[in-house]
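Thank you all for making the time this morning. I would like to walk you through one model, beginning with the empty space inside and then moving out to the surface and the charged pairs.

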Amino acid sequence: MIYFFYNLLTTVVVVLGLPFFLIKLITTPKYRPGAAQRLGFYPKEAAEKLRGREVLWIHAVSVGEVIAALPLMRELRRRYPERKIALTTVTATGNRIARAQAKEADVILFFPFDLKPIVGKAIRLTHPALFILIETEIWPNCIHALFKKKIPSLVVNGRISRNSFSGYRRIRFLMSRVLPEITAFSMQTKEDARRIIALGAPPERVRNTGNIKFDITANPLTGEEARQIRNDYLLPPEGPIFIAGSTHPGEEEIIIKIYRQRRKVHPDLTLILAPRHPERCSEVEEHLRTAGLSYQKRSHPETGKEVLLLDTVGELSRLYGIATVAFVGGSLIPHGGHNILEPAVYGVPALFGPHMENFPEISKIMKERRGGIECDGAEQLGKTLEELLNDPGKRKIIGRAGRTIIEENQGALEQTLTLIDQQLTAV
């Protein structure tokens with residue numbers, strides 16, 4: 001009965017929203033990629049690759065989940081070379097990141113709308129032996145269809161933020177019906193485990209395995225590697241580099257202002273500015289022009305510019321390796337933050353704002369052990385950047401602490417793989 005009302009509601013929403021969706025499709029280019037796939041119309045070549053194979057279907061909503069899934073996919077490819085891997089995303093940016101970095105995936109597709117006939121068609125085309133949901137985005141019809149077909153589903157690296165928990169509690173009548181149909185839950189923290197149980201997950205199926213985002217590996221770049229990257233990106237061969245990565249509206253203006261101030265003292269300072277959504281680069285360009293800064297875009301490289309505007313996807317993580325100091329965006333404004341471990345793994349000091357709701361445990365431990373620095377606003381961010389640019393010793397201490405934190409908290413990936421092995425053995 002619950003699913004009847006859920007499907008009735010979603011059908012009404014789709015019917016009422018269809019005209020707006022079509023208008024957006026026609027007028028806004030970013031809504032066009034994957035439109036057919038969201039309706040369950042997957043390319044023939046994708047269906048051919050998966051036909052007759054025991055597929056591992058991994059669903060990663062957006063960029064953060066895709067990045068988290070990369071080490072998992074590498075290990076799954078190594079352990080199960082005979083199986084196919086299908087990776088789905090919801091956002092267009094996540095899909096582009098997946099295409100750039102998820103080399104282990106045999107097919108990369110958009111996740112279907114959670115309507116019963118569309119989900120059913122997607123499952124028939126993907127032939128999953130196991131459905132792996134990265135973090136926590138519950139789609140009732142998809143979970144229910146997999147359950148009815150006796151296809152196990154896992155929540156991996158599960159996370160329930162305070163806001164999400166509050167929202168899910170309002171529909172606990174639905175969650176308490178859906179969650180018992182999920183085979184197992186691998187949650188990041190004890191609090192995440194408590195929250196998913198409170199929403200209706202069977203306690204015996206819930207484990208606290210840690211955060212697989214700690215299971216990233218990268219060594220600080222050698223001098224030759226750093227020189228090569230600078231050369232490839234037409235950056236000055238020497239001088240400090242400040243990277244502001246995964247920025248959002250309202251943050252680029254702050255970063256640009258801070259950069260102009262710091263450049264008065266450090267005339268050789270280069271800025272690499274990487275908006276979270278590259279389609280916003282024209283907007284960011286306007287800010288750069290207004291500030292009177294010369295810049296190059298990655299897609300149109302030029303030498304001798306003060307700023308590199310990264311208008312491509314899949315390159316930021318590697319660029320963090322040449323940074324002197326890095327700021328990770330989505331955190332000065334109330335967006336929830338992004339992964340501050342990406343620069344820290346290279347031993348680069350990571351700065352971030354007060355809004356890290358999406359990474360509460362990571363930001364907490366990084367602050368407590370001085371592996372990263374929280375800045376409560378533009379003024380403190382500017383002062384902290386200046387302090388670090390002037391103090392190589394402090395940069396080294398913070399960078400070493402960040403790498404140590406990552407190394408000490410690794411192991412979630414292996415526990416997650418053990419859980420997956422158990423399910424595949426049982427199938």
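**Spaces, surface and salt bridges**

The largest cavity holds about 230 Å³ of space, and please keep in mind throughout that what you see here is a predicted model. Twenty-two residues line this cavity, and those closest to its centre are V63, I97, S246, R276 and L316. If you would like to find the lining by element, the ones that give two or more residues are α4 (63-79), α5 (92-101), β9 (270-275) and α14 (316-319). Among these, α5 gives the most, with three residues. By class, the lining of the largest cavity divides into 11 nonpolar, eight polar and three charged residues. As for how many such spaces there are, the structure holds one cavity of 30 Å³ or more.

Let me turn from the cavity to the largest pocket, whose volume is about 1,100 Å³. Its lining is made up of 43 residues, and E135, R159, E357, N358 and F359 lie nearest the centre. The elements that give two or more residues to this lining are α4, α8 (162-170), α10 (190-198) and α16 (360-368). What is the make-up of the pocket lining by class? The lining has 11 nonpolar, 19 polar and 13 charged residues.

Next, the surface. At the start of the chain, M1, F4, F5, L8, V12 and L16 form a nonpolar patch, and together these residues have about 670 Å² of accessible area. M1 sits in the segment before α1 (2-27), and because its relative accessible area is 73%, M1 counts as exposed.

Y80 makes a useful contrast, so is it buried or exposed? With a relative accessible area of 13%, Y80 is buried, and you will find this residue in the loop between α4 and β2 (84-89). Y80 and F41 are 39 residues apart along the chain, and their C-alpha atoms are separated by 28 Å.

That brings me to the charged pairs, for which a search of the whole structure finds 29 salt bridges. One of them joins the side chains of D421 and R79, at 2.7 Å from N to O. Because D421 lies in helix α19 (residues 412-426) and R79 in helix α4, this pair ties together parts that are 342 residues apart in sequence. R79 itself counts as partly exposed, at 24% relative accessibility. This pair also belongs to a wider arrangement, since E75, R78, R79, E414 and D421 are linked in a network of salt bridges.

Two further pairs are worth a look on the screen. K367 forms a salt bridge with E374, and the closest N and O atoms of that pair are 2.9 Å apart. K367 is partly exposed at 37% relative accessibility, and E374 is partly exposed at 26%. In the other pair, the side chains of E302 and K305 meet in a salt bridge at 3.8 Å from N to O, which still counts because the cut-off for a salt bridge is within 4 Å. E302 is partly exposed at 39% relative accessibility, and K305 is likewise partly exposed, with a relative accessible area of 28%.

To finish, I would ask you to return to helix α4 on the screen, which gives two or more residues to the lining of the largest cavity, does so again for the largest pocket, and holds R79, the partner of D421.

Notes: Residues numbered from 1 in each chain as written. Predicted model: local features only at pLDDT ≥ 70, side-chain atom pairs only at ≥ 80, totals over all residues. Heavy atoms only, no water. 1 Å grid on protein atoms, 1.4 Å probe; cavity = no way out; pocket = protein on both sides within 12 Å on 5 of 7 lines; lining within 4 Å. Points joined across faces, edges and corners; volume = space filled by probe spheres on them. Helix = DSSP H or I, 4+ residues; strand = E, 2+ residues; numbered from the N terminus. Nonpolar A, V, L, I, M, F, W, Y, C, P; charged D, E, K, R; others polar. Patch = residues over 30% accessible without salt bridge, like charges linked within 9 Å, V, L, I, M, F, W, Y side chains within 5 Å. Areas by Shrake-Rupley, 256 points an atom, 1.4 Å probe, with all protein chains shown as cover. Buried < 20%, exposed > 50% of the residue type's maximum accessible area, 1.4 Å probe, protein only.
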